[in-house]
Amino acid sequence: MQGSIALQRTADVQYVLRIGDTALVLAQRLAEWCGHAPVLEEDIALANMALDLVGQARALLTRAGQLEGLCGGQALDEDQLAFLRDERDYLNATLAELPRGDFAFTTLRNLFAATWFKLLWERLCESTDADLAATAGKAVKEARYHQQHAADWVVRLADGTEESRARTEAALDALWRYTPELFDDDAVDAAAQMSGLGPRRSALREAWRADVAAVFTEAGLLLPKDAAFRSTGMRGVHSEHMGFVLAEMQHLQRSFPGGVW
Amino acid sequence: MSAEQTEWPLWEVFVRSKAGLDHKHCGSLHAADAKMAIQMSRDVYTRRQEGVSVWVVRSDQIVASDPADKAAYFDPAEDKVYRHPTFYELPKSLDHM
């Protein structure tokens, strides 16, 4: 077994990892659909989106690894960060790590995540970190497509058959409680806003709700009320599902240290 | 469309590889509606930078010639070389015609 790496957890590194890990873990979940999607065309579409997210995660993890070096720690590369951290050092939103569920669940999660990514990337185009701004310029185009694709599916499913409607409502009930985490600020957000690295998460809340509400209106769904529950993946405290995601994701790199193809 | 249809309709996909060129037929796919057909085309046929524009047409909207008519339709053109403009002398300055 290859030993895990430790991070200093400076604010900038955490900020970039929260976005990068959310993309990475969601990509892992989407990739689980490969060969299992309801139709061939959607199978390809989901795999494409997973690969877009892997590409975004690569750029972000690479940048986070450089920032770790610049902050006085040991510079790390994307593979070390993707495969050699312990669970508590992954800072993805809990939303991304939940099991893929049925197609309605995956679709609705994609809508929530893609809307968030789209709004975030739009803001990150203005980042004072030139590297991050360049990544955002490319990624925002991908996120816009992901959001449109997911939104169309949510409308189709919610406005489809009794079965698809019931599954969409069940997915909404299961997923909604994980969305507030995407907009809850802490010291990492404050630092990012101060330095111009990127927006506070709370700055995205209203635009996100408006985008999702527009889709829901077309789909005949209502925005649920927010509950008191708060998920904490972005602080490194994950659901019981995360360990299984990492076991599968890290297995090869831990068994064959440094293995590449 | 029969009432017991269980598959999405088939669509023919045409992709323009770059501005100025025409859309070329590149395959088909199943999709529930026109918007989905366009998105699926993007994902299935243009993921390696093959295109800048996509057309989709419901396959059942295409009217095709009957293969049984092939001889009557197309064979008579075989021996009519005079229909090709190959008997003109072209000025040397014309490279491509």
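Good morning. I shall begin with chain A, whose 261 residues would give a radius of gyration near 18 Å if they formed a compact globule; chain A has 18 Å, so the two agree. Please bear in mind throughout that this is a predicted model. Along the principal axes, the C-alpha trace of chain A spans about 55 × 40 × 35 Å. Of its 261 residues, 45% are buried. Taking the contacts in chain A between residues at least 6 apart in sequence, 72% join residues that are at least 24 apart.

What does the secondary structure of chain A come to? There are 10 helices and 0 strands. The pattern along the sequence accordingly reads α-α-α-α-α-α-α-α-α-α.

I turn now to one pair of these helices. Generally, two packed helices are described by the angle between their axes and by the distance between the axes. In chain A, helix H5, residues 103-124, and helix H9, residues 205-219, have axes that come within 10 Å and cross at roughly 135 degrees. Why is H5(A) called oblique to H9(A)? An angle counts as roughly antiparallel over 145 degrees and as roughly perpendicular from 65 to 115; the crossing at roughly 135 degrees therefore makes H5(A) oblique to H9(A). The crossing of H5(A) past H9(A) is right-handed. On the H5(A) side, the contact is made by Leu111(A), Thr115(A), Trp116(A) and Leu119(A). H9(A) contributes Ala207(A), Trp208(A), Asp211(A), Val212(A) and Val215(A). Sorted by class, the residues of this contact are 7 nonpolar, 1 polar and 1 charged.

Before leaving chain A, I would draw attention to Arg9(A), which lies in the segment before helix H1 (11-31) of that chain. The phi of Arg9(A) is near 60 degrees, a positive value in a residue other than glycine. Arg9(A) has 15 C-beta neighbours inside 10 Å and therefore counts as partly exposed.

Next, the interface between the chains. How many residues of chain B are in contact with chain A? There are 11 residues of chain B, and they meet 8 residues of chain A. Two elements of chain B each give two or more residues to this side, namely strand S2 (24-30) and helix H1 (34-45). H1(B) gives the most, with 6 residues. By class, the side of chain B that touches chain A divides into 6 nonpolar, 2 polar and 3 charged residues.

Two further residues of chain B deserve mention. The first is Arg16(B), found in strand S1, residues 10-16, of chain B. Although Arg16(B) and Gly51(B) are 35 residues apart in sequence, their C-alpha atoms are 5.4 Å apart in space. Beyond its neighbours within four places in sequence, Arg16(B) is in contact with Leu21(B), Asp22(B) and His23(B), and also with Gly51(B), Val52(B) and Ser53(B). Because it has 17 C-beta neighbours inside 10 Å, Arg16(B) counts as partly exposed.

The second is Gln49(B), located in the loop between H1 and strand S3 (53-58) of chain B. Is Gln49(B) buried or exposed? Gln49(B) counts as exposed, because 8 C-beta neighbours lie inside 10 Å. Gln49(B) is not a glycine, yet has a positive phi of about 60 degrees.

To close, I return to the pair of chains: on the chain B side of their interface, H1(B) gives the most residues, while chain A itself comes to 10 helices and 0 strands. Thank you.

Methods: Residues are numbered from 1 along each chain as its sequence is written. Chains are lettered from A and ligands numbered from 1 in the order in which they are written. This is a predicted model: local features need pLDDT of at least 70, side-chain atom pairs count only at pLDDT 80 or more; totals for chains, interfaces and linings use all residues. Two residues are in contact if their C-beta atoms, placed from the backbone, lie within 7 Å. Helices (H or I, at least four residues) and strands (E, at least two) are DSSP runs, numbered from the N terminus. Ala, Val, Leu, Ile, Met, Phe, Trp, Tyr, Cys and Pro count as nonpolar, Asp, Glu, Lys and Arg as charged, and the others, Gly among them, as polar. Axes are lines fitted to C-alpha atoms, for helices over the stretch in contact, and angles run from 0 to 180 degrees between N-to-C directions. Angles under 35 degrees count as roughly parallel, over 145 as roughly antiparallel, 65 to 115 as roughly perpendicular and the rest as oblique. A crossing is left-handed if the near helix is turned anticlockwise from the far one by less than a right angle, and right-handed if clockwise. The radius of gyration is taken over C-alpha atoms; the globule rule is 2.2 Å times the number of residues to the power 0.38. A residue is buried if 20 or more other C-beta atoms lie within 10 Å of its own, exposed if 12 or fewer, and partly exposed in between; C-beta atoms are placed from the backbone.
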